[in-house]
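Please look over the following model with its sequence beside it. The briefing below takes up one helix, then the overall form, two loop residues and the nonpolar core.

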Amino acid sequence: MDIFADGTAAPETEPAGELPEVEAARTLPLAELHLHIEGTLQPELIFELAERNGLALPYSGLEELRALYEFSDLQSFLDLYYANMAVLQTEQDFADMTRAYLARAAAAGVRHAEIMMDPQAHLSRGVSLETCVNGVASALATSVEDFGMSTLLIAAFLRDLSEESALEVLDGLLAINAPIAAVGLDSAEVGNPPAKFERLFAKAREAGLRLTAHAGEEGPASYIIEALDVLGVERIDHGIRCMEDQDLVERLVDERIPLTVCPLSNVRLRAVDTLADHPLPAMLAAGLNVSVNSDDPAYFGGYVDDNFAQLQAVFELSEFDRSRLAANSIHSSFASEERKAELLDELNGG
Ligand SMILES: [Zn+2]
């Protein structure tokens, strides 16, 4: 593919979602900051858990399920994502799903992972907070010894539900002393602006939790400003539409606000037409604090190493850019300063 001098790519005729097979680039030690654990549920594990729990799936087999992974937008993905969660019933199911992610992420070079889960999506199916939290947390508790990976858990709230629902769930999480380090905001963005959750984030801050929110994926750049100013978040998940507002870009650069970008997710959900249209190179060139993440890797065509490999194939990122993306991910994490220093040492070959 032709890459123009300004870093933009020539028009790409390949249909969205069909990416070429590429060789994996050298894996760099990095942090994954934007990952929904429910989005790591692979079709094979969906069938395995359904069988274990005696559930009949509405698909004849793996191929029929896989064929449903072609999405036209965020909502069509969310419909399948929530339907597949039905197989998650017991603590063991949540633990098995989490362990499968940790094993795959470790192979991708992930040395620290900040994992979001959606408690409301499980409560609404009659699965208790304890079941989902304890299941995921039990796998995370041994992630260092099992996979050499530090981890922390982020409770994400569904923005298409009410703030009252979110407040109730946050109370529940605090009441059971859930081992969460942060709160996030995800699901259908457009029409559900950050300001809807002002009290939730104020309460989370008071409880000593770190704050992040999805903004500027399908929603406008103004949602990013609102997430920063009204919710007081430290990090923005996605944030790609900041590029439509030059003043905002300058502010994000000045304040070193982390943007956890998910390129393959953006292609699959048609936030961009093809990977060649992705703003990541322009974001890097603008000096934004971006990192590369997988979002919902089972659904979007790949884990963080796959994201890097596809970016490499399309944009020919320099070794410097790839190291910068990895370093950004470490600096932008909620890990302790000591852990960050360890990871940066590892990245720099120390
Ligand atoms: Zn996400």
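In this predicted model, helix 4 covers residues 91-107, and its 17 residues, at 1.5 Å a residue, should span 24 Å; the end C-alpha atoms are 25 Å apart, which agrees with that expectation.

**Helix 4 and its surroundings**
- The buried residues of helix 4 are Glu-91, Asp-93, Phe-94, Met-97, Thr-98, Tyr-101, Leu-102 and Ala-105.
- An α-helix has 3.6 residues a turn, so residues three or four places apart point the same way.
- The cover over the buried residues of helix 4 includes strand 1 (30-36) and strand 2 (110-117), together with helix 1 (43-52), helix 6 (129-141), helix 7 (143-147) and helix 15 (304-315).
- After helix 4 comes Gly-109, which has a positive phi, near 95°.

**Overall form**
- The secondary structure of the protein comes to 17 helices and 8 strands.
- The radius of gyration is 19 Å, close to the 20 Å that the globule rule gives for 350 residues, and the protein is therefore as compact as a globular protein of that length.
- Taken along the principal axes, the box filled by the C-alpha atoms is roughly 55 × 50 × 45 Å.
- Of the 350 residues, 49% count as buried, and among contacts between residues at least 6 apart in sequence, 75% join residues at least 24 apart.

**Two loop residues with positive phi**
- Most residues other than glycine have a negative phi.
- Asp-295, in the loop between strand 8 (289-292) and helix 14 (297-300), nevertheless has a positive phi, near 65°.
- Glu-316, in the loop between helix 15 and helix 16 (319-331), also is not a glycine and has a positive phi of about 50°.
- Is each of these residues buried or exposed? Asp-295 counts as buried because it has 30 C-beta neighbours inside 10 Å, where 20 or more are required, whereas Glu-316 counts as exposed because it has 12 such neighbours inside 10 Å, and exposure is assigned at 12 or fewer.

**The nonpolar core**
- In soluble globular proteins, nonpolar side chains tend to be buried together.
- The largest nonpolar core has 105 residues, of which Val-136 and Val-183 touch the most other members.
- Leaving aside residues up to four places away in sequence, Val-183 touches Ile-154, Ala-155, Phe-157, Leu-170, Phe-201, Ala-204, Leu-209 and Leu-211.

Key. Residues numbered from 1 in each chain as written. Predicted model: local features only at pLDDT ≥ 70, side-chain atom pairs only at ≥ 80, totals over all residues. Helix = DSSP H or I, 4+ residues; strand = E, 2+ residues; numbered from the N terminus. Expected span 1.5 Å × (residues − 1). Contact = placed C-beta atoms within 7 Å. Rg over C-alpha atoms; globule rule 2.2 N^0.38 Å. Core = buried A, V, L, I, M, F, W, Y, C linked by C-beta atoms within 7 Å.
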